[in-house]
Amino acid sequence: MSERLRQHLEANNGIPNLEILVPEQVDEAVRLFYRDGFVMVRDILTSEQVKFLRVGCERESEAVLAVDADNIGNRGRLRYSYGGASITNSVLHREEWVMLVDLPTLLPIITAIFGSPDYHIRRCAGDFCLPGCDYQPLHADIGEGFAQYKDPRGLVGLRDLPCPAIVANFLAQDFTLTNGPTRIIPGTHHSKVTIPSLEDEPEWMRLSTVCPVPAGTAMIRDLRTWHGGTPNLSKDMRAIPNAIFLAPWVYEPQKRSMPREMFDLLSEQGQRMCEWVVTNEPIETGYSLRYRGKEKVTM
Ligand SMILES: [Fe+2]
């Protein structure tokens, strides 16, 4: 990466006047979420929880990198999806990710956005990128089950509906101007315009990143909102593990990825949310990058 890019990002990166809320601002979080297709809320995790999560992210990243000696990645070079690499499609067999299911700082906001507490966990996974990674093309996370949504009459599309799923990414370190903060394009959750390729993307979109933002913040996003990774010019791995919440009106069968002993760590509300992912059967866990060439890579 060139020194010129670093200087450019240091001078220009970031959404101007980005609002960063605190967990008590539930009504404002709902308003910004519906207006922009995402909202940033700090202090969702305590500093102890951030440390715990960061160590878990480093341990699991090393396990992923162990099956990718050439750092080819599964979301572009040096860029990885934990869920895309995990053979369970999730990391709900690890306590750090189970912690993300029923955070008392986050759930009131998710409940207020959906207008009901009757939502379900789809999975907990997220992504990480290594120093030297480049821009990831803008995309929406609707490549899997939601791409199948069809109105036989052709009248109502996925983007006409209320939010079908919320992705909460948790910052396991700060987002700086140069360590690969996510770029998000405000107001695109209902857009039916073709998402621009990297070549066609205007510069303001490349710079539409959520930074600087402190570790422990949650980036709460409608999964239809356009977003993408950006270059990591720092010396450290950047991790944003996530939890995905399916709207109360969505049913989507899941891979059984949460062992019973992890389920037992949850609150009553957390256990109900995880009823589609828990299993009493032994499950095989581990990482493989065999899916990286397929459609899955859009998630
Ligand atoms: Fe994505």
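**Exercise 1. In which loop is the place of P212? Find it, then describe the peptide bond from C211 to P212.**

Solution. The model is predicted.
- Step 1: locate the residue. P212 sits in the loop between α7 (203–206) and β7.
- Step 2: read omega. From C211 to P212 the value is near -5°.
- Step 3: assign the bond. The C211 to P212 peptide bond is cis.
- Step 4: set this against the general rule. Most peptide bonds are trans.

**Exercise 2. Describe the overall build of the protein, starting from its helices and strands.**

Solution.
- Step 1: count elements. There are 9 helices and 11 strands.
- Step 2: test the radius of gyration. For 299 residues, a compact globule would come out near 19 Å; the protein has 18 Å, so the two agree.
- Step 3: take the box. Along the principal axes, the C-alpha atoms fill roughly 55 × 45 × 40 Å.
- Step 4: check burial. Of the 299 residues, 56% are buried.
- Step 5: check contact range. Among contacts between residues at least 6 apart in sequence, 82% join residues at least 24 apart.
- Step 6: look at the surface. About 12,900 Å² is exposed, and carbon and sulfur atoms supply 53% of it.
- Step 7: place the charges. The mean positions of the 32 positive and 39 negative charges are 5 Å apart.

**Exercise 3. Identify the protein donors of the iron ion and give their spacing along the chain.**

Solution.
- Step 1: list the donor atoms. They are NE2 of H139, OD of D141 and NE2 of H227.
- Step 2: give the distances. These donors lie 2.2 to 2.3 Å from the iron ion.
- Step 3: write the spacing. Along the chain it is H-x1-D-x85-H.
- Step 4: judge burial. The cut-off is under 20% relative accessible area. H139 has 12%, so H139 is buried. D141 has 7%, so D141 is buried too.

**Exercise 4. Work out which residues of helix α2 are buried and what covers them.**

Solution.
- Step 1: list the buried residues. In α2 (residues 26–36) they are V26, A29, V30, L32, F33 and D36.
- Step 2: recall helix geometry. An α-helix has 3.6 residues a turn, so residues three or four places apart point the same way.
- Step 3: name the cover. It includes β1 (20–21), β2 (38–41), α6 (107–114), β5 (165–170) and β7 (218–222).
- Step 4: zoom in on β2. V39 is found in this strand. Its relative accessible area is 2%, so V39 is buried.
- Step 5: check its contacts beyond four places in sequence. V39 contacts A29, L32 and F33, and also L21, A218, M219 and I220.
- Step 6: leave the helix. Just after α2, G37 takes a positive phi of about 85°.

**Exercise 5. Is L9 buried or exposed? Name the residues it touches.**

Solution.
- Step 1: place L9. It lies in helix α1 (residues 3–12).
- Step 2: read its accessibility. At 1%, L9 counts as buried.
- Step 3: list partners more than four places away. L9 touches Y135, L177, T178, L207 and L233.

**Exercise 6. Compare the backbone phi of N17 and D43, then give the accessibility of each.**

Solution.
- Step 1: start from the general rule. Most residues other than glycine have a negative phi.
- Step 2: take N17. Its phi is near 55°, a positive value. N17 sits in the loop between α1 and β1. At 75% relative accessibility, N17 is exposed.
- Step 3: take D43. Its phi is about 60°, also positive. D43 is in the loop between β2 and α3 (47–65). At 42% relative accessibility, D43 is partly exposed.

Terms used
Residues are numbered from 1 along each chain as its sequence is written. This is a predicted model: local features need pLDDT of at least 70, side-chain atom pairs count only at pLDDT 80 or more; totals for chains, interfaces and linings use all residues. Side-chain values use heavy atoms; hydrogens and water are left out. Helices (H or I, at least four residues) and strands (E, at least two) are DSSP runs, numbered from the N terminus. The radius of gyration is taken over C-alpha atoms; the globule rule is 2.2 Å times the number of residues to the power 0.38. Buried means under 20% relative accessible area, exposed over 50%, partly exposed in between (1.4 Å probe, protein chains only). Contact means heavy atoms within 4.5 Å. Accessible areas come from the Shrake-Rupley method with a 1.4 Å probe; for residues, only the protein chains shown count as cover. Lys and Arg count as positive and Asp and Glu as negative; His and the chain ends are not counted. The place of a charge is taken as NZ of Lys, CZ of Arg, CG of Asp or CD of Glu. Donors are N, O and S atoms within 2.8 Å of the metal (3.2 Å for Na, K and Ca); water is not among the atoms, so sites may look incomplete.
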